[in-house]
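This report concerns a single protein model. The sequence and structure are shown first for reference.

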Amino acid sequence: MTWIVWRQQRLALISLAVALLAGVVAVLSLRAGMTADLTARGIAGCVLDGIKPGSACSGTAVTEFQDTWFDRMKIAQSLVLALPALVGVFIGAPLFAREFEQGTHVLAFTQSVSRIRWMASKFLVTAVPALVVLLTLQFLVGGWLAAAGSLGPLKTGPFAATTFGASGISPFAYTLFAYTLGMFLGALSRRTLMAMTLTLGVFVVIRYVLTGLQQFMLTPKRIISDDPTSSAVPSGDRSLVLDTGHLDAAGAVVPNSWSRISGCGARGSEAMPTDQLTCYREHGLVKSYADLIPADAATSLHLVEGSIFLGLAVLFTLGSIWAVRRQV
């Protein structure tokens with residue numbers, strides 16, 4: 001049975017092998033070129049220090065380096081993000097749909113092997129190599145970004161869309177979700193093209209919806225500043241800011257606080273009628289606050305979101321078993 005499944009899926013397996021080889025060669029070559037460029041420009045120390053005004057890490061060498069490499073690293077992250085969808089569409093969706101569409105499942109069902117074992121063989125033969133390719137490329141791209149440090153996409157923090165989606169457990173969870181979604185839709189529809197189209201559409205919609213719900217997956221932390229004229233979020237903080245505003249003397253949130261202080265102007269503004277701090281407090285704004293998810297909570301958010309996608313993957317796997325067992 002396993003040998004038959006290997007032969008049936010050889011095109012997908014060859015494609016995965018080619019993708020892995022091409023990805024490894026491309027990422028390693030680009031990383032080597034980038035590190036050589038860092039050394040040649042004399043800004044290797046800026047990887048840890050980041051861009052500091054008035055220092056060597058704020059000159060044209062850093063700007064030119066980022067102009068050359070920043071977008072390339074973002075593209076690599078985007079490819080890691082796109083790989084789960086490609087696995088679901090081109091490997092998961094046709095897994096059973098093509099069998100039912102072409103009628104080759106009849107031969108499998110007449111053998112002594114149970115349908116569950118037949119499904120498990122097909123699932124493992126393609127799912128495991130797909131996950132190996134994904135995790136390998138994720139590891140290599142992560143290493144490339146780490147080599148760029150604060151001069152690359154990591155400077156925007158762990159909650160940036162591409163950085164978050166391409167790191168942690170997320171790519172693994174996305175891939176299993178997409179694969180089992182395609183598998184379920186293929187077994188249910190028994191039409192390869194329809195299953196591929198639906199898989200892409202449903203995957204994109206659910207990813208979009210759950211990304212929008214990330215702010216509700218963890219309890220935010222509130223930080224407060226005694227200066228209502230400035231942001232409560234420290235400069236350079238990479239947390240995920242959910243809400244900002246002002247508090248009154250009792251510590252209650254002041255609704256529509258920004259509309260109250262439109263006449264206070266900005267510090268140094270000629271339109272400012274009086275001392276800005278006094279103006280804010282005259283309007284009942286005593287402190288500023290920010291609700292955020294700290295940068296060090298990114299791993300927890302990965303685990304919560306990943307658990308949701310893995311739970312959906314289990315449901316789609318059970319749905320696939322049901323769909324296959326009802327076929328005649």
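The sections below treat the pockets, one helix, the salt bridges and the sheet in turn.

## Nature of the model

The structure is a predicted model. The values quoted below are computed from that predicted model.

## The largest pocket

The largest pocket encloses about 490 Å³ of space. Its lining comprises 20 residues, and those nearest the centre are Leu11, Ala12, Phe90, Ile91 and Arg98. Three helices each provide at least two residues of this lining: α2 (10–41), α4 (60–92) and α5 (94–102).

By class, the lining of the largest pocket consists of 12 nonpolar, 5 polar and 3 charged residues. Arg98 is among the residues nearest the centre of the largest pocket, and arginine counts as charged.

## The second largest pocket

The second largest pocket holds about 270 Å³ of space. It is lined by 15 residues, with Gly23, Ala76, Leu79, Val80 and Leu137 closest to the centre. Helices α2, α4 and α7 (115–148) each contribute at least two residues to the lining. Of the contributors, α4 gives the most, with 7 residues.

The lining of the second largest pocket is made up of 13 nonpolar residues, 1 polar residue and 1 charged residue. Helices α2 and α4 thus appear in the description of both pockets, each supplying at least two residues to the largest and at least two to the second largest.

## Helix α7 and the residue after it

Helix α7 contains 34 residues. The distance from its first C-alpha to its last is 49 Å, close to the 50 Å expected at 1.5 Å a residue. Just after α7, glycine 149 adopts a positive phi of about 55°.

## Salt bridges within the helical part

The model contains 5 salt bridges. One of them joins arginine 41 to aspartate 37, with the closest N and O atoms 2.9 Å apart. Both residues belong to helix α2 and are separated by 4 residues, about one turn of the helix. An α-helix has 3.6 residues a turn, so residues three or four places apart point the same way.

The two partners differ in exposure class: arginine 41 is partly exposed, at 28% relative accessible area, whereas aspartate 37 is buried, at 16%. Aspartate 37 falls in the buried class because its 16% lies under the 20% cut-off. Asp37 and Arg41 also take part, with Glu64, in a network of salt bridges.

## Salt bridges at the strands

A second pair consists of arginine 222 and aspartate 291, whose closest N and O atoms are 2.7 Å apart. This pair connects distant parts of the chain, since arginine 222 lies in strand β1 (residues 221–225) and aspartate 291 in strand β4 (residues 287–293), 69 residues apart. Arginine 222 is partly exposed, with a relative accessible area of 39%, while aspartate 291 is buried, at 13%.

Lysine 287 forms a further salt bridge with aspartate 226, and here the closest N and O atoms are 3.7 Å apart. Because lysine 287 is in strand β4 and aspartate 226 is in the loop between β1 and β2 (240–247), the pair ties together parts that are 61 residues apart in sequence. Lysine 287 is partly exposed, at 32% relative accessibility, and aspartate 226 is exposed, at 54%.

## The sheet

Four strands make up an open sheet, arranged in the order β1-β4-β2-β3 with antiparallel pairing. Strands β1 and β3 (253–254) occupy the edges, each having a single partner strand, so one side of each has no neighbour in the sheet. Strands of a sheet pair through backbone hydrogen bonds, either parallel or antiparallel.

The antiparallel pairing of β2 with β4 extends over 7 bridges, and that of β2 with β3 over 2 bridges. Between β2 and β4, aspartate 243 has aspartate 291 as its bridge partner; aspartate 291 is also the salt-bridge partner of arginine 222. On the β3 side, leucine 247 is the bridge partner of valine 253, and histidine 246 that of valine 254. Strands β2 and β3 form a hairpin with 5 residues between them, and in its turn glycine 251 has a positive phi of about 85°.

Key. Residues numbered from 1 in each chain as written. Predicted model: local features only at pLDDT ≥ 70, side-chain atom pairs only at ≥ 80, totals over all residues. Heavy atoms only, no water. 1 Å grid on protein atoms, 1.4 Å probe; cavity = no way out; pocket = protein on both sides within 12 Å on 5 of 7 lines; lining within 4 Å. Points joined across faces, edges and corners; volume = space filled by probe spheres on them. Expected span 1.5 Å × (residues − 1). Salt bridge = Lys/Arg side-chain N within 4 Å of Asp/Glu carboxyl O. Buried < 20%, exposed > 50% of the residue type's maximum accessible area, 1.4 Å probe, protein only. Pairing = 2+ DSSP bridges.
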